[in-house]
Every structure is written in C-alpha cells, then in structure tokens.
Amino acid sequence: MKEKKTVIVAGAGFGGLQAVKALMRDDRLEIIWIDRTNHHLFQPLLYQIASAVLSPADIAIPARSLTRNIKNVTVIMDEITGIDKEKKEVKLGERILKYDFLILALGAKTGYFGKNEWQKFTSGLKNLNDALQIRRRLLISFEEAENDPSVAAELMNYVIVGGGPTGVELAGSIAELSRRIIKNDFRNIDTSKAKITLIEAGPDLLPSFDRTLSVYTKEALLKRGVNVMLNTRVKDISKHKLTLKTLEGDKEISANIIIWAAGVEAVPITTEITNNLDRQKRILVNQFCSLGEHPEVFVIGDMAAFKNSDEKFLPGVSAVAMQQGRHVARTIRRELSGKKREPFSYVDKGNMATIGRKDAVAELFGFKLKGFIGWLAWLGVHLFYQVGFKNKLDILLTWIWSYLTFGAGVRVITDPIHDYEKDE
Ligand SMILES: Cc1cc2nc3c(=O)[nH]c(=O)nc-3n(C[C@H](O)[C@H](O)[C@H](O)COP(=O)(O)OP(=O)(O)OC[C@H]3O[C@@H](n4cnc5c(N)ncnc54)[C@H](O)[C@@H]3O)c2cc1C
C-alpha cells in the first residue's frame, strides 16, 4: 500500500467544506481541516441573526460533527499564522503541520477602504460575533428608548452603509422588526417610528443585479419606510455621526447604530503567502486555482482572484467558493490517478436578495423574479444550500411560524451592558 498523501484544508467556510466533502472518502488521503472557529457558517443568513429572526445554531454547524464518522479527516480549531511554501508547512503559532497538498480557503474580512478607524464606530457583518453585536445593540436601543421616550427618536435611528444584498437585507429586516414584530411589545414608545437609512454610493441599490430589479428593490424598501440615499458617499465616520458627500454637497447625519455593509477585503495573511496579489490583496491564481510556482498550493473562494474566460475576476460569492472547492478536490484526486489537470470554469446560476416578508428579487438561470415568486425562489435556494437536516428543519419551522404570526424571533439580550459605555 502506498503512503497516504496529506491534504491540509484551511478554512471551514463554503470553499473548505466542499473541498473536504469531495476528498473525504478517498482512502489515499489524510485530510487535516483547520479553522479558527469550530463551525461552518452560512453567512448569507447572518442578517437574520442580526435582526433577531434566527439563532446562531440555526446557521452554524460544528466541523467536527460534519466529519465525525470519517476516519481520514482530522479537525483542528486554531488560527493559521503562516505558510512556508518551500518546506510545505502550515504554522499554527508554534505548531507546525506538513502537507503534500494545501487548499487555502480563508475567506475575506470586513473592509473599510483603508479607513480602519471607522471600525470603532460601526458594526460590520462577517461572522457570528458581528451579527450578535448588531442584535444586542438594536434590542438595547429599543429598551433604552422605552425607559426614556424623550430620546426615543435619537436611539431608534439606524444607518446602514452599502446598498448591496447585505445592506438591502438588513434594512428590510430591521424595518420588519421595528414596524411589525416588536411593535406591540412596548408601552411607552412606538417602535414603528424607528428611522432606518440605507446609504449607497452608486446610482442604484444591488448594483450587480438587472436594473429593473434594483429599481423594484428601492421602491419596495421605501414602502417599508426605509430612507434610501443613493449617489451618497461616506466621507467620514465618528461616534454616532457620518459625513456624507451627496450630489447636493456635503451633509452630516447622526445615527445611534451605524452598520457597515459596504465591502470586504482580503484576509491579512495573503500578503505573507505571495506578492502576486490583485488590488484587493486577493491571491492571483492560475486557471487551475493554484499558485504557478507551487502547483500543490490551491487558493479558492473570497481569498482568490480568479480571472474567468471573459477576462473578468469572479465575484466573492458562495457559489464561486463551492465550485472551486469541488474542482480543486477533483484535481488532487485526478493527479493521484496520474491524470492531467483541467482548468476551472465557473457556472453562474444567478443572484438573489430578500427585501422582507414575501418579497425578494432573484436572477436565476437568466430569469428575473421579484415579489412573492422571487421570495419563494430565495427561500428554496437558502434551505437547499443550508448544511445539515436539523438546521434546514429548524429554519423552515421558524420561518413558517414567523410568517404566520409575525412573532417568534430571538430577542434575548445576553449582555445588557451598553457597548458604547463599555468602550469609554
Ligand atoms: C453578510 C453576508 C451575506 C452574504 N450573502 C451572500 C449571498 O446571499 N449569496 C452568496 O453567494 N454569497 C453571499 N455572501 C458571500 C459568501 O458568504 C462568501 O463569498 C463565501 O463565504 C466565501 O467562501 P470562502 O470559503 O472563500 O470563505 P468563508 O466562507 O468566509 O470561510 C473562511 C473560513 O476561514 C476561517 N479563517 C479565516 N482566517 C483564518 C485563519 N487565519 N486561521 C484559521 N481559520 C481562518 C474563517 O473562520 C472561516 O470559517 C455573503 C457574505 C456575508 C458576510
């Protein structure tokens, strides 16, 4: 029997999970699966944690439980601190692991266009901690307003920066939370008067969608009472304050909670791995999703800059990461069977974003869907790609229950101390 080859899969996100799933039944391989968290996270539903609809456990599943019966997979929860490509080593602090093949799928982080100082005054939305922080801040703002209704307008004033899918989904769900779900919970305040502002630098929301769907989305949010500001750039952010550049000139607005949904950037480790990076510091990979000078190192998903056949870089979406994960796993298995590599080619199945209850926009296989039909498509796709039968069932039941009752929701505040006071 030949010696087994070691594959290290770095990251338990969309790309890493698909790679492990496609490799794990191959007994020629020993697979080491590393992530700094203990779970795979379904990021597209993070906004439902932030707006108190779902629980963290509904959209996260431990990597260990996914591979519990697979003997050739070892899960390690730790931070990857470095890679030595020449020695074929991954560093976890002092601990060093050797590999024959390495699949890097470490994703991206919230990006502030070089203005990292804005991070202090805003909440990003990239992981469970971010989502729980937004949920806590929102729920506390309602409680504080109930205690002192004279400042309710200041407290229930929320700004979301970024009119892509995350910003749209957050704005729609915070509107639903304040206008419908918690409206009858309070005695001294009217939560439906909460001010929700969505800011987008470009002329349209959802810039990557067909324009008819962008226009529809704007109208649908306006109907839900969201204040939509297009052609508006953020110039500066300080505590509870934003300076904006609008077509009419500069403007200052205030907000109790500022949510940053305007972009992501590469994780810092990319600069240590290679200097072959794109402008967003993602690693430039070849047509096989690997490094030219180190074909045994693959980079996939949000961490990679992959130029498609149309010469455009692929977007940072889960479908790209998943397809690349499966492709590089197949490449490794083919190579061990003495077969040649095949180039990666992305199959774009579409785009979707939800605006609220019974309302979403979707582009699927060239079809444009909106309203209830769009929402049904959105619901089906999000349940289909959710990992684990129990998670699918829990989410479906929660959605049916909240659809029928406008109730449910996860509105427990676990850390009632006001964040901003804590910072001081
Ligand atoms: C709020 C939000 C909404 C989104 N909505 C959609 C959507 O509707 N549709 C869509 O297609 N895409 C959506 N995306 C994008 C999609 O989630 C990403 O494109 C996808 O997660 C990328 O997969 P990945 O495997 O490259 O990275 P990720 O899924 O981000 O996984 C990276 C993993 O690496 C781990 N990691 C990072 N650094 C280290 C380290 N140094 N050591 C150890 N582990 C590390 C992280 O903990 C994480 O588990 C959304 C993203 C966000 C944040």
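## Close-up views of a predicted model

**View 1. Helix H1 passes helix H10 in a right-handed crossing.** The model shown here is predicted. H1 covers residues 14-23 and H10 covers residues 318-336. Their axes lie 7 Å apart and meet at an angle of about 30°. Angles under 35 degrees count as roughly parallel, so H1 is described as roughly parallel to H10.

**View 2. Residues from both helices form the contact between H1 and H10.** On the H1 side, the contact is made by Phe14, Gly15, Gln18, Ala19, Ala22 and Leu23. H10 contributes Ser318, Ala321, Met322, Gly325, Arg326, Ala329, Ile332 and Arg333. Sorted by class, eight of these residues are nonpolar, four are polar and two are charged.

**View 3. The ligand has 25 residues around it.** Those that come nearest are Gly15, Asp35, Gln43, Asp302 and Ser318. Gly15 and Ser318 also take part in the contact between H1 and H10.

**View 4. Polar atoms of glutamate 79, valine 317 and serine 318 lie beside ligand atoms.** A polar atom in the side chain of glutamate 79 is 3.3 Å from a nitrogen atom of the ligand. For valine 317, a backbone N or O atom lies 3.4 Å from a ligand oxygen atom. In serine 318, an N or O atom of the side chain is 2.7 Å from an oxygen atom of the ligand.

**View 5. Helix H11 packs against helix H12.** H11 spans residues 371-385, and H12 spans residues 389-405. The angle between them is about 155°, with the axes 9 Å apart. Angles over 145 degrees count as roughly antiparallel, so H11 is described as roughly antiparallel to H12. Phe372, Trp375, Trp378, Leu379, His382, Leu383 and Phe384 of H11 meet Lys392, Ile395, Leu396, Trp399 and Tyr403 of H12. By class, this contact has 10 nonpolar residues, one polar and one charged.

Key. Residues numbered from 1 in each chain as written. Predicted model: local features only at pLDDT ≥ 70, side-chain atom pairs only at ≥ 80, totals over all residues. Heavy atoms only, no water. Axes fitted to C-alpha atoms, helices over the stretch in contact; angles between N-to-C directions. Helix = DSSP H or I, 4+ residues; strand = E, 2+ residues; numbered from the N terminus. Parallel < 35°, antiparallel > 145°, perpendicular 65-115°, else oblique. Left-handed = near helix turned anticlockwise from the far one by under 90°. Contact = heavy atoms within 4.5 Å. Nonpolar A, V, L, I, M, F, W, Y, C, P; charged D, E, K, R; others polar. Near = heavy atom within 4 Å. Polar contact = N/O pair within 3.5 Å; in protein donor to acceptor, adjacent residues only side chain to side chain.
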